[in-house]
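Me: I'm new to reading protein models and would love a close look at one small part of this one. Please walk me through it slowly, then show me how the rest fits around it.

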Amino acid sequence: MLAKVCSAAVNGIEAYPVEVEVNAGWGDTLVVIVGLPDAAVKESRDRVSTAITNSGFKFPMGRTTINLAPADVKKEGPSFDLPIAIGMLAASEQFVSDQLENFVMVGELALTGAVRSVKGVLPVALRAQADDKVGVLVPKDNAPEAAVVKGLQVIPIQNLREAVGFLEGEARIAPTRVDIMKLFAHSTEDELDFADVKGQESVKRALEIAAAGGHNALLIGPPGTGKSMLAKRLPTILPPLILEEALETTKIHSIVGLLAPGQALVTQRPFRAPHHTVSDAGLLGGNINPTPGEISLAHHGVLFLDELPEFKRNVLETLRQPVEEGRVTISRAAGSMTFPSQFMLVAAMNPTPDGKPPGESRCSPREIQNYLNRISGPLLDRIENGSRANHA
Amino acid sequence: MGTRELKAYCALDEATMELLKMAMGELKLSARAYDRILKVGRTIADLAGSESITSEHISEAIQYRSLDRQLWA
């Protein structure tokens, strides 16, 4: 028999539907997965087989063919385990359900049959809602993330048996709900406070203006003048995220796997401070398949580059387009993708290589000039607020 | 803000415009810098609760761009 189960995968920051077709045929017992599966998806076969038998079901005899459509897009990751298992059970007629086309399913299976959390559940839920699905079956730890989507039944699944029970109509599972207003209202006690920094009023003023208008800022000053301290406290004076911004930010964090288990929404503006040894792929995004980098993780938040001249020059140059346009296009052999990256750039640096002010520095003028030249004119041009921090 | 919005929300009176033009020449600022100074001026004016951008606001905005220029020059 042929069974069809709805699932989804993430491309960039949006999800696209993946139809999992499972055919239980005759012949030698074999499980074949087609549809350009990557290594993790190919391993699904072993995880799913064990999970099925450990959940008390029978392993399907005969030749099982699993197709992940569309067939010309590479499928990645373990999140197809659950839909494949459900498909195999439905195709071998071990349960009957008329709900398979109403729900989108994702989840990794443990060998015990338990369902593990996966990345990118929020984009999947948003796509399911856009496609007018009734609901989604997702791992329990991912359920709050999906629950922020209105008009969708989010069914938290802990194991394979539960999923089957729900789809058959034998088990009732209450949809997860989150109170979005409550999530936003919950103000985290900031241990950091802008007022912690003593003095430096002119720098604070510059940062206030930057925070109020979302302008970029550069703090120049000798070490120990509180530049890093102030930058870290900048998020505390930024305006709060609105819901649309929070959803976008959460999508990006979800795709990279940065949401805590059970976290529904990112409610605070992100603050990313990559170390100056970061590569251009780490900053902009990349890897073999286009994935968001630090600048996209800082979307709607702050990207703080401490010790600006220590960053590789070619890496800094790549920041020009994103700072100007608020998005970055990454091209790889696997495809090209545009990620949002609207962030506030805050950078800190010393005025000279040895940190002393130009008058007292022991470095030669050439050394100082070389040091300052590590930051290109065009990049400086894009920074609106330069502010000097002096010793208190 | 795009160019149209800049014209609408960041209009300057003659004296302030002169001030900005002078600074652009002295500090050799680019067209991009001009746009950004206007935007920062708008923020400063907003923080002060002022509908229009005055020369005080623009001077402060210019000051922030010139600090680093002094260092690099």
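Is A:Asp141 buried, partly exposed or exposed, and why does it count that way?

Reply: Happy to. Keep in mind that this is a predicted model. A:Asp141 counts as partly exposed, because its relative accessibility is 40%, and that label covers everything between the 20% limit for buried and the 50% limit for exposed.

Now, where is it? A:Asp141 sits in the loop of chain A that links strand S8 (135-139) to helix H4 (143-147). If you skip residues up to four places away in sequence, A:Asp141 touches A:Ser117, A:Pro261 and A:Gly262. For a sense of distance, try A:Ile295: it is 154 residues from A:Asp141 along the chain, and their C-alpha atoms are 27 Å apart.

Strand S8 itself is worth a stop, and A:Leu137 is the residue to click on. Leaving out residues up to four places away in sequence, A:Leu137 touches ten others, including A:Leu82, A:Phe103, A:Val106, A:Ile155 and A:Phe166. Along with A:Ile66 and A:Ile86, A:Leu137 has the most contacts inside the largest nonpolar core, which has 40 residues. Helix H2 (residues 81-91) gives this core its largest share, eight residues. There is also a second, separate core of 35 residues, and A:Ile295 from our distance check is in it, as are A:Leu284, A:Leu316 and A:Phe339.

Follow the chain back from S8 and you reach A:Asp132, in the loop between helix H3 (121-130) and S8. A:Asp132 counts as exposed because its relative accessible area is 69%, over the 50% limit. Its backbone is a bit of an oddity too: A:Asp132 has a positive phi of about 60° although it is not a glycine. Most residues other than glycine have a negative phi, and most peptide bonds are trans. A:Glu307 does a similar thing, with a positive phi of about 60°, and its place is the loop between strand S14 (302-306) and helix H12 (313-317). A:Glu307 is partly exposed, because its relative accessible area is 31%.

Next, the loop between strand S4 (63-69) and H2, where you'll find A:Gly77. A:Gly77 is buried, because its relative accessible area of 16% is under the 20% limit. Apart from neighbours within four places in sequence, A:Gly77 is in contact with A:Asp38, A:Ala40 and A:Val41. A:Pro70 lies in that loop as well, and the peptide bond leading into it from A:Ala69 is cis, with omega near 10°.

One helix deserves a look, too. Helix H9 (residues 243-256) has 14 residues and spans 20 Å from its first C-alpha to its last, close to the 20 Å expected. Its buried residues include A:Glu245, A:Thr249, A:Ile252 and A:His253. Just past H9, A:Gly257 takes a positive phi of about 85°.

Finally, zoom out. Chain A has 15 helices and 18 strands, and its C-alpha atoms fill a box of roughly 85 × 45 × 30 Å along the principal axes. Of its 392 residues, 52% count as buried. Among contacts in chain A with a separation of 6 or more, 72% join residues 24 or more positions apart.

Key:
Residues numbered from 1 in each chain as written. Chains lettered and ligands numbered in written order. Predicted model: local features only at pLDDT ≥ 70, side-chain atom pairs only at ≥ 80, totals over all residues. Heavy atoms only, no water. Helix = DSSP H or I, 4+ residues; strand = E, 2+ residues; numbered from the N terminus. Buried < 20%, exposed > 50% of the residue type's maximum accessible area, 1.4 Å probe, protein only. Contact = heavy atoms within 4.5 Å. Expected span 1.5 Å × (residues − 1). Core = buried A, V, L, I, M, F, W, Y, C linked by side-chain atoms within 4.5 Å.
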